[in-house]
Structures are given as C-alpha cells and as structure tokens.
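Student: I would like a close look at one part of this model, with the surrounding parts brought in where they help.

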Amino acid sequence: MIEIREAGKQYGGITALHGLNWSVQEGEWWGIIGPNGSGKSTLLQLISGVEKVSSGEVLIHGKPASAYNRKILSRMMAVLQQDGLPPVHYPVREVLEMGRYPYQDWLGRDEGGDPDALIENIMEKLQLHALADRPLDELSGGQRQRVALGKVMAQEPQILLLDEPTTYLDIRYQHQFMELVAQWRKEEGITVVAVLHDLNLAAQFCDKLLVLRDGQAVGMGTPEDMLTEETIRLVYGIEPVIVPHPVSGIPQVLVTRQR
Ligand SMILES: Nc1ncnc2c1ncn2[C@@H]1O[C@H](COP(=O)(O)OP(=O)(O)OP(=O)(O)O)[C@@H](O)[C@H]1O
C-alpha cells in the first residue's frame, strides 16, 4: 500500500531523511518513533505528498505520492496533526461536513453516497451530539481533537496519517483518542501510520514500530523487538528500564534518573 525505496530528503544542506526502505501493508498500524529532528514529520510529509523526495521513491498503490491529484489523494489519505483544528468560530457539525470536501463536485454536491447518515454515525461514535452546535473556538483542546478525528473520519480515507495527535491531551483523552482510532481501524480496516513521542502509548496501540535516528532507520518491527534497552539507549541517549505491562505484558519504558 505504501512503498518507500531508498528515500531521501534534503532541505538545503540539511539531510532530513536518508536511504529509507520501508513498506506498509493494508490494515497495519505502524508507529514512527525517534528523537526530535530524526525525520518523522518529514517522512509523513513525503507520504502525504506535501513534500517531494530528493532521492528514491515514495509510492502509494504503486504511484508516486506527489503525482496524485490532491482531491484524489484526499479520498485515499487523511492527515491529522497534534493541533488538528484551529479554534475557528464554526459549529462542530459544519466542521465534520468539511471532511466531505474531497467528494464534492464543483456545485458542492456529494458524489460519495449519503453524507448526512455518515456524519450522524460519526457524531454518535465520537459522542459529539452534545457539542454539535457549539463553535470550535469554545471547545477545550481535547474536545477539539475529537472533532478533528470526526472530520478525518468523514473523509473516509483508506490511510490515516497521525502526527503526534495526542501531544496536547491529558492521559485519559490520549487513551480515548487512540481507542477511537483502534475501533475505526477494526471496523473499516484502515491503515494507520502514527508519529508518536509517547513510547508506551506506541507500544500499546501499534502493531509495528519504525525507529528513526538522524534521518535513518535504526530498526523496524514489533514493539517487543524495537523497545529494547539497547535500542532506546542508542536512539535517545537515556538510561531506560523496560518492564512488561503488568496486565498486558506489552513492553513499557521507564527512565532511570541519573544521580
Ligand atoms: N521545511 C524545512 N526546512 C528546512 N529544514 C527542515 C524542514 N523541515 C524539517 N527540517 C529539518 O529536517 C530535520 C528533520 O526534521 P523533522 O521535523 O522531520 O523531525 P521530527 O523527527 O519530526 O522532529 P520533532 O520530533 O522535533 O517534531 C531537522 O533537522 C529539521 O530541522
């Protein structure tokens, strides 16, 4: 579904990404982890076609991401960032309807079925009914991020790209957000690629992790294989302790304070 071959990206004299080979199969949930400046957002921008590779290829369904017409690409792929929506004075229901833009013809008619039923369904799933007529700029950051998720759900993409989507959320809303994505993926079989700083959240929700450092892949594989003390020490330069989650057994990263 996503095929990355020897991909490199340079900004002037800065190498943001170098010689990356990676592929994502339909229905997988990948996490991209790595320190600040390691190339995570750059990689998402190459996949979403916002930036072009300087070398190598990024293919979506066998075609370069940057070669797609934007509207066609938006039907296939949605992007949600850490501050998914600006605090504008639009009511929640209208914001969700904006997600249908890739399906509208030049008269604003939806070519993709019954948008009203779809929006209703999303409002129900995300418990947005109570907020339906409230303007975005009156909502909390956590509520706004739930609306942002609703908007990308209305877009009905096959691929969801998340760029640190839980950064501004408290621990409850972080988990709620990730559970909603997990439920969506289970129901619709979407493919998810998420840049995450929280390694423990990444381990709990992603099937596989791509670990970047200095624009290069250090490793890719299951959270069990990637979240080792050796890898975390090498990539982040910290002294970690990895413990199995007492309930699920999934690896969790603790950091030991240096004295
Ligand atoms: N538009 C740009 N112009 C110039 N340099 C850029 C640009 N975007 C990214 N870079 C550089 O490329 C490198 C990788 O940046 P990128 O934002 O991809 O890292 P990141 O892993 O997402 O970082 P963070 O975790 O801090 O968000 C950095 O050195 C950054 O300064």
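Student: In the hairpin of β11 and β12, which residue takes a positive phi, and how many residues are there between the strands?

Tutor: The model is a predicted one, and what follows should be read with that in mind. Gly 249 takes the positive phi, near 80°, and the hairpin of β11 and β12 has 6 residues between its strands. Strand β11 covers residues 240-244 and strand β12 covers residues 251-255; the two run antiparallel and are joined by 5 bridges. One of the pairings sets Ile 242 of the hairpin against Val 253, its bridge partner in β12.

Val 243 also serves as a reference point for distance. Its C-alpha atom is separated by 34 Å from that of Lys 125, with the two positions 118 residues apart along the chain. Lys 125 belongs to helix α4, residues 115-125. Lys 125 has 15 other C-beta atoms within 10 Å, so it is partly exposed.

Gly 249 can be set beside some other residues with positive phi. Gly 49, which follows α1, has a positive phi near 80°. His 61 has a positive phi of about 50° although it is not a glycine. Its place is the loop between β4 and β5, and His 61 counts as partly exposed because it has 13 C-beta neighbours inside 10 Å. Gln 127, another residue other than glycine, has a positive phi near 50°. Gln 127 is found in the loop between α4 and α5 (141-154). With 11 other C-beta atoms within 10 Å, Gln 127 is exposed.

The loop that holds His 61 leads to the open sheet. This sheet has 4 strands in the order β2-β1-β4-β5, with antiparallel pairing. Strands β2 and β5 (63-64) stand at the edges with a single partner strand each, so one side of each has no neighbour in the sheet. Between the edges, β1 (residues 2-11) and β4 (residues 55-60) pair in the antiparallel sense over 5 bridges. Arg 5 has Glu 57 in β4 as its bridge partner.

Edge strand β2 includes Asn 21. Asn 21 has 12 C-beta neighbours inside 10 Å and therefore counts as exposed, the cut-off for that class being 12 or fewer. The C-alpha atoms of Asn 21 and Glu 3 are separated by 7.9 Å, although the two residues are 18 apart along the chain.

The ligand is next. Its surroundings consist of Tyr 11, Ile 14, Ala 16, Gly 34, Asn 36, Gly 37, Ser 38, Gly 39, Lys 40, Ser 41 and Thr 42. The elements giving two or more residues to this shell are β2 (14-24) and α1 (40-47). Helix α1 supplies the largest share, 3 residues. By class the shell holds 7 polar, 3 nonpolar and 1 charged residues. Helix α1 is itself mostly covered, with 7 of its 8 residues buried. The buried ones are Lys 40, Thr 42, Leu 43, Leu 44, Gln 45, Leu 46 and Ile 47.

A strand pair elsewhere contrasts with the hairpin in direction: β6 and β7 (residues 159-163) run parallel, joined by 5 bridges, whereas β11 and β12 run antiparallel. Ala 78 stands opposite Leu 160 in β7. Strand β6, residues 77-81, is mostly covered, with 4 of its 5 residues buried.

Helix α6 has one covered side. At 1.5 Å a residue, the 18 residues of α6 (residues 171-188) should span 26 Å, and the end C-alpha atoms are indeed 26 Å apart. Its buried residues are Phe 177, Met 178 and Val 181. They cover an arc of only 90° around the axis, which means that they lie on the same side of α6. The other side of α6 has Ile 171, Arg 172, Glu 179, Gln 183, Lys 186 and Glu 187 exposed.

As for annotation, an unreviewed UniProt entry places the feature "domain: ABC transporter" at residues 2-239. That span is 35% helix and 26% strand, and its end C-alpha atoms lie 34 Å apart.

How values were computed:
Residues are numbered from 1 along each chain as its sequence is written. This is a predicted model: local features need pLDDT of at least 70, side-chain atom pairs count only at pLDDT 80 or more; totals for chains, interfaces and linings use all residues. A residue is near a molecule or strand if its C-beta atom, placed from the backbone, lies within 6 Å of it. Ala, Val, Leu, Ile, Met, Phe, Trp, Tyr, Cys and Pro count as nonpolar, Asp, Glu, Lys and Arg as charged, and the others, Gly among them, as polar. UniProt positions are given in the numbering used here, feature names are shortened, and annotations may be inferred rather than shown by experiment. A residue is buried if 20 or more other C-beta atoms lie within 10 Å of its own, exposed if 12 or fewer, and partly exposed in between; C-beta atoms are placed from the backbone. Two strands pair if DSSP finds at least two bridges between them. The expected span of a helix is 1.5 Å times one less than its number of residues. The arc is that of the directions from the helix axis to the C-beta atoms.
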